[in-house]
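I opened my notebook to write down, one entry at a time, what I looked up in this structure. The order is from the overall shape to single residues.

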Amino acid sequence: MSAFFSSKHTSLVPYVPGEQLNDKKYIKLNTNESPFPPSPGVLEAVSGEASRLMLYPDPDCKPLLSALSKVYGVDESCIVVTNGSDEILNFAFLAFCDDEHPVAFANHTYGFYKVFAGLYNLPYEEIPLTEDFRIRVEDYIGINKNIFIANPNAPTGIALPLSDIERIVASNSDNVVVIDEAYVDFGGESAVGLINKYKNLLVTQTFSKSRSLAGGRLGMGFASPELIADINTLRYSTNPYNINRLTMAAGVAALEEDGYYKDNCKKIIDSREYTTDALRKLGFDVLESSTNFVFAKCDRIDGGELYARLRERGILIRHFTKPSIEQYNRITVGTKEQMEALISNVKEILEEK
Ligand code: PMP
């Protein structure tokens with residue numbers, strides 16, 4: 001730390017992203033990316049756009065908003081696009097939370113919520129999940145705090161039904177409720193249809209998972225025009241060009257080929273069911289996932305050891321060292337072939353013990 005670092009940041013604990021290793025070829029099941037490449041139209045659109053890189057991108061992101069409006073059936077004034085959904089989450093903490101508007105989120109959820117709460121020095125509460133890693137809806141009813149819920153949740157993969165989300169949103173009408181739907185396309189129920197009914201609801205989604213664009217960094221938010229205007233005030237006060245030309249072109253093209261991505265989601269869901277079954281047969285406890293990952297533990301091997309042994313064999317999964325979940329690993333669901341390789345390696349590791 002330099003002598004110049006502001007004292008307001010000295011106790012900040014930054015987010016730790018999953019490993020992105022280049023030392024050899026891995027089967028990469030650690031950061032919930034899609035195993036499928038972007039659709040052909042995306043590749044063409046990006047290479048066509050490259051010759052215009054000397055020009056700034058459109059700060060209003062018109063073509064992208066128009067494409068999103070068509071696919072999601074939402075007015076353009078109710079949508080904002082950001083540099084990954086991490087950026088809209090950041091804006092939501094910055095825009096709506098302060099000492100008078102503290103924050104609440106689950107004790108096991110997306111790690112960035114706590115980082116943002118720390119970054120802005122916000123009072124926050126971590127609401128414990130149940131023993132079986134579920135959100136207890138009653139804990140979120142009328143709590144007088146801004147609420148961030150990942151639905152489906154991470155790293156558990158468990159989804160809440162839309163009726164529960166609606167109860168939470170309706171009972172906290174004086175606070176903003178952010179529903180982070182990064183994984184919704186793999187089996188969750190989206191709350192986007194509720195944004196016209198509830199002025200305090202912000203739904204965030206991403207192109208990183210189901211639309212194979214993690215490297216492009218494209219996320220979006222759906223909410224009332226008033227909440228979207230607030231987010232845009234911050235966007236224009238920080239980086240109006242937050243969506244670069246290549247990403248904008250990629251996003252528009254991806255939305256034109258939605259069928260390709262829907263088919264890939266089906267493949268991933270099939271592959272998830274295969275993986276869940278196969279791990280259970282090997283004695284794993286696997287939570288019921290509505291996402292492109294599974295959260296699993298096995299009494300026959302320590303969570304950290306399984307992670308390390310798979311890593312030696314060229315398979316990366318995600319292990320968290322937080323004591324209450326250290327026996328678990330979060331395993332991204334890849335192609336059927338990748339998951340077969342995972343299962344045969346896990347089997348061998350267990351046999352060696
Ligand atoms: N929300 C959740 C629950 C996530 O797991 C992630 C991925 N790390 C994100 C948001 C952010 O994803 P991105 O910035 O790539 O859209």
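**Overall form**

I began with the radius of gyration of the protein chain, which is 20 Å, and this agrees with the value near 20 Å that a compact globule of 353 residues would have. I noted for myself that the model is predicted. Taken along the principal axes, the box filled by the C-alpha atoms of the protein chain is roughly 60 × 50 × 50 Å. I then looked up burial and found that 52% of the 353 residues count as buried. The accessible surface of the protein chain comes to about 15,800 Å², and carbon and sulfur atoms account for 52% of that surface.

**Elements and contacts**

I looked up the elements of the protein chain and found 10 helices and 12 strands. For contacts between residues at least 6 apart in sequence, I recorded that 73% join residues at least 24 apart.

**Helix α8**

I followed helix α8 through residues 258–281, which makes 24 residues, and from its first C-alpha to its last it reaches 35 Å, close to the 34 Å expected at 1.5 Å a residue. Among the buried residues of α8 I listed Tyr-261, Cys-265, Ile-268, Ala-278 and Leu-279, and also Asp-258 and Arg-272. Just after α8 I came to Gly-283, which takes a positive phi of about 95°.

**Nonpolar cores**

I reminded myself that in soluble globular proteins nonpolar side chains tend to be buried together. The largest nonpolar core here has 52 residues, and those that touch the most other members are Leu-64, Leu-68, Val-81, Leu-201 and Phe-222. Helix α7, residues 245–256, gives the most to this core, with 6 residues. I also found a second, separate core of 31 residues, which includes Ala-182, Cys-298, Leu-306 and Ile-315.

I went back to Leu-201 and, leaving aside its neighbours within four places in sequence, I found it in contact with residues including Val-169, Val-177, Ile-179, Leu-194, Phe-222 and Leu-227.

**Cysteines**

How many disulfides does the structure hold? I found 0. A disulfide is a covalent bond between the sulfur atoms of two cysteines, so I asked why Cys-78 has no such bond. The closest cysteine sulfur to that of Cys-78 is in Cys-61, and at 16 Å this is too far for a bond, given that a disulfide needs the two sulfur atoms within 2.5 Å. Cys-78 is buried, because its relative accessible area is 5%, and Cys-298 also counts as buried, at 5% relative accessibility.

Key:
Residues are numbered from 1 along each chain as its sequence is written. This is a predicted model: local features need pLDDT of at least 70, side-chain atom pairs count only at pLDDT 80 or more; totals for chains, interfaces and linings use all residues. Side-chain values use heavy atoms; hydrogens and water are left out. Buried means under 20% relative accessible area, exposed over 50%, partly exposed in between (1.4 Å probe, protein chains only). Helices (H or I, at least four residues) and strands (E, at least two) are DSSP runs, numbered from the N terminus. The expected span of a helix is 1.5 Å times one less than its number of residues. The radius of gyration is taken over C-alpha atoms; the globule rule is 2.2 Å times the number of residues to the power 0.38. Contact means heavy atoms within 4.5 Å. Accessible areas come from the Shrake-Rupley method with a 1.4 Å probe; for residues, only the protein chains shown count as cover. A nonpolar core is a set of buried Ala, Val, Leu, Ile, Met, Phe, Trp, Tyr and Cys residues joined through side-chain atoms within 4.5 Å.
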